[in-house]
Amino acid sequence: MKLLIAAALSFFLAALAWGPVRAGGGTPSKPEAKVYFANIQHGDSVSSPLTLVFGLSGMGVAPSGVEKEFTGHHHLLIDRPPLGEGEDGADELNFGLPSDDNHLHFGGGQTEVTLELSPGRHTLQLVLGDAGHVPHVAPVVSELITITVE
């Protein structure tokens, strides 16, 4: 019994020394890395279809599944809370981003997309994901912007 308690205590102390445990992810980003929209900005009025150009500095782009240091691929969040916020915010930081109408994946390494958006206001945010679609540590995210489709 003492051996079991000692083993459990050793594991707990090692976990504390390594820092917070993350399920999935853990891929480091460069502190100076930035992802941004290269052709639109907060408050713009646009027409649909809309071509978005993704900008990235300080890191490189690689397709999903490719594990290369300081690279990732783009994800576009549409009409949802900023990364890490909302009902599933903590899960997406630890386990990865879902793929649905509000979370578009560009796992082929794409750096732009043309979208059909309905008329009205929309929020957009870019997130760089690692080989497994999990945001980096620290996450590389754009400002959440609001645009109006006329």
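Where along the chain does Ala 38 lie? I looked this up before anything else, and I found Ala 38 in the loop between S1 and S2, where S stands for a strand, meaning a DSSP run of E with at least two residues, while a helix is a run of H or I with at least four residues, both numbered from the N terminus.

**Ground rules.** I noted that this is a predicted model, in which local features need pLDDT of at least 70 and side-chain atom pairs count only at pLDDT 80 or more, whereas totals for chains, interfaces and linings use all residues. I also noted that residues are numbered from 1 along each chain as its sequence is written, and that side-chain values use heavy atoms, with hydrogens and water left out.

**Entry on Ala 38.** I looked up the exposure of Ala 38 and found it partly exposed, with a relative accessible area of 49%; here buried means under 20% relative accessible area, exposed means over 50%, and partly exposed is in between, using a 1.4 Å probe and protein chains only. I then looked for its neighbours, and, not counting residues up to four places away in sequence, Ala 38 touches Val 53 and Gly 55, where a contact means heavy atoms within 4.5 Å. The C-alpha atoms of Ala 38 and Val 53 are separated by 5.4 Å, although the two are 15 residues apart along the chain.

**Entry on the whole chain.** I counted two helices and nine strands in the protein chain, and reading along the sequence gave me the pattern α-β-β-β-β-β-α-β-β-β-β. Of the 150 residues, 36% are buried. Among the contacts with a separation of 6 or more, 70% are between residues 24 or more positions apart. The accessible surface comes to about 8,500 Å², and 57% of it belongs to carbon and sulfur atoms; these areas come from the Shrake-Rupley method with a 1.4 Å probe.

**Entry on strand pairing.** I looked up which strands pair, which requires that DSSP finds at least two bridges between them. S1 and S3 run antiparallel and are joined by four bridges, with Val 35 standing opposite Leu 56 in S3. S3 also pairs with S7 in the antiparallel sense, again over four bridges, and there the partner of Leu 50 is Leu 115 in S7.

**Entry on S9.** I followed S9 next, and found that S8 and S9 pair in the antiparallel sense over five bridges, with His 122 matched to Ile 147 in S9. Strand S2 (residues 45–46), by contrast, pairs with S9 in the parallel sense over two bridges, and Ser 45 has Thr 148 in S9 as its bridge partner. Four of the five residues of S9 are buried, so this strand is largely enclosed by the rest of the structure.

**Entry on the core.** I looked up the largest nonpolar core, which is a set of buried Ala, Val, Leu, Ile, Met, Phe, Trp, Tyr and Cys residues joined through side-chain atoms within 4.5 Å. This core has 23 residues, and the members that touch the most others are Phe 37, Ile 40, Leu 52, Leu 76, Leu 124 and Ile 147. Elements that give two or more residues to this core include strand S1 (34–37), strand S3 (50–57) and strand S9 (145–149), and the largest share, four residues, comes from S3. For Ile 147, I listed the contacts beyond four places in sequence, among them Ile 40, Val 46, Leu 50, His 122 and Leu 124.

**Entry on rings.** How many aromatic pairs does a search of the whole structure find? I found one, a pair being rings of Phe, Tyr or Trp (its six-membered ring) with centres within 6.5 Å, counted as stacked when the planes are under 30 degrees apart, edge-to-face over 60 and tilted for the rest. The rings of Phe 54 and Phe 106 have centres 5.1 Å apart and planes at 65°, so the pair is edge-to-face. Phe 54 lies in strand S3 and Phe 106 in the loop between strand S6 (103–105) and S7, so the pair ties together parts that are 52 residues apart in sequence. I checked burial as well: Phe 54 is buried, with a relative accessible area of 6%, and Phe 106 is buried, with a relative accessible area of 6%.

**Entry on Glu 92.** I closed with Glu 92, which lies in helix H2 (residues 89–95) and is buried, with a relative accessible area of 2%.
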